[in-house]
Amino acid sequence: MRRLADLLLRYKEYALTLLLISISLILISTSNNQQLRSFRTISVGIVASVQEAFSWIPNPFALESENHALRQLNKDLSTQAMQLREEAVKAEKYKAMLEFKEKAPMKLLAAEVVGKTIIQLRNTATLNVGSRDGVKEGMPVMTERGLVGRVAGLNDHYSIVQLLVNVDTKVPARMLGSRNEGIVTWEPDGVMVMKYVPTALKQKKGDTVVTSSQSIYFPENIPIGVISDVQEEQGTLFDRIIIEPATNFATFEEAFVVLHNPDEARLKLEQSLIEGESRRNQGGRSR
Amino acid sequence: MPSTYSNLIWYTISGLLLLLVQLNLGYITIEGIAPDLLVILIAVIALREGQFIGIIVGFALGLAFDVISSNIPGTNALAKVVAGFVIGSFYNEQLSLQQSIGTFRFLFIIAFGTAIHNFIFDFFYVEPTDLSLWSFFLRSGVAGTLYTVVMASIVMLVAARKKT
């Protein structure tokens, strides 16, 4: 016994280490013991109350990470708000389009603008509807605000629209108030003009210009724009009437194709007349 | 027993304070890595008072920290007993305070003791984590050891300036 005590005393560090390791392992193995858990709950509670008492001390590292998290949250919320605003604008636009489509006397096909040019002389827009959807060349295209142009070319899935803001586009038009008629064109200087309206017929600023029944391609009464200025053309008998287009060509993103087929008999007759005229002119020149 | 009763009082106060500080290390935690200030205290006591006292202090501080923290009870006690034993084996009663704590030898002992401590301690926590075994030891063990050595260097510098 004495020898064992001497041995333990000699190697007391090892003996103590072994003893304490054993106690630790026992504690680990009994960590789920209910009594031990209760004791720990109480002690953790006491420590937590002490911690709470000192919680007023600012923690710069925690503040930094909190700032970082708040900045990220702010960024995410800003993005969300921006998306929601865009969705709201779209929803408003779609609502207006839907209402217009329901009330319109013509058969309309909704389309999305997938490409457009508006700063050239011959501007066009590409719609995501084509012959597969019933679109045909020459069909008018409009928004709920007014005329956009007419289909100049198409394939199965897409249509190219020759816009009103195109120097090749000429639309027979009529003033809604005065009933005077003329031709609406887009001039190279970037102005929409109604031509061939006699100076003798007085025009009013603010009068709405709509498509007239003279056109083969466009159904009548589609808004084109509003008279913004009336200028006298020097040396002619006509006024130069400046029109503010009803459609904003810079921002329109959706449009309707008016499923309107021109009167074939009228079209043929007018085309044959034009061809006959040009043949006669050529014959006259050759003689 | 500690060399004087005044030392015993200082060790007790330091131990209690460091327990609270260790529990609130959010102030100096970097990327989730915190230094083990208790190991530094164990090392200071073990190198001044001997291996036997170092083992007892290691167990007492480890157990106390287990009780007040959410760690598995016994894990800190076990790791710190071993740390006290390992660090205490470097005890040399011939060395002065400056020589035992105020030199780079102290940092080496801290690094060695903390590495063993962290290895044992992390062993109990490696399974529930989603990190690989190697990255867990690298992150918690090596990074934690380095951070503890950095904090211990402050103790070393203070001890080096102190006249015995």
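Chain A and chain B bury about 2,300 Å² between them, and 75% of that area lies on carbon and sulfur atoms. The model is a predicted one, and this briefing looks at two interfaces in turn: the one between the two chains, and the one between two domains within chain A, namely domain 1 (60-103) and domain 2 (108-263).

**Between chain A and chain B**

- On the side of chain A that touches chain B, the elements that give two or more residues are helix 2 (12-29) and helix 3 (34-53) of chain A, and helix 2 of chain A supplies the largest share, with 12 residues.
- Sorted by class, that side of chain A holds 17 nonpolar, 6 polar and 3 charged residues.
- In total, 26 residues of chain A are in contact with 29 residues of chain B.
- Between chain A and chain B there are 0 salt bridges, while 2 residue pairs are in polar contact, both residues being at pLDDT 80 or more.

**Between the domains of chain A**

- The centres of domain 1 and domain 2 of chain A, taken over C-alpha atoms, are 36 Å apart, and 6 residues of domain 1 are in contact with 8 residues of domain 2.
- These two domains of chain A bury about 800 Å² between them, with carbon and sulfur atoms giving 67% of it.
- Of the area that domain 1 of chain A buries against domain 2, 67% comes from Met97(A), Phe100(A) and Lys101(A), which is more than any other three residues supply.
- Across this domain interface of chain A there are 2 salt bridges, and the side of domain 1 that touches domain 2 has 4 nonpolar, no polar and 2 charged residues.
- Lys93(A) and Glu253(A) form a salt bridge in which the closest N and O atoms are 2.8 Å apart.

Definitions and conventions
Residues are numbered from 1 along each chain as its sequence is written. Chains are lettered from A and ligands numbered from 1 in the order in which they are written. This is a predicted model: local features need pLDDT of at least 70, side-chain atom pairs count only at pLDDT 80 or more; totals for chains, interfaces and linings use all residues. Side-chain values use heavy atoms; hydrogens and water are left out. Contact means heavy atoms within 4.5 Å. Buried area is the accessible area (1.4 Å probe) that two parts lose on being put together, summed over both. A salt bridge is a side-chain nitrogen of Lys or Arg within 4 Å of a carboxyl oxygen of Asp or Glu. A polar contact is a pair of N or O atoms within 3.5 Å; within protein, one must be able to donate a hydrogen and the other to accept it, and residues adjacent in sequence count only if both atoms are side-chain atoms. Helices (H or I, at least four residues) and strands (E, at least two) are DSSP runs, numbered from the N terminus. Ala, Val, Leu, Ile, Met, Phe, Trp, Tyr, Cys and Pro count as nonpolar, Asp, Glu, Lys and Arg as charged, and the others, Gly among them, as polar. Domain bounds come from an automatic or database domain assignment.
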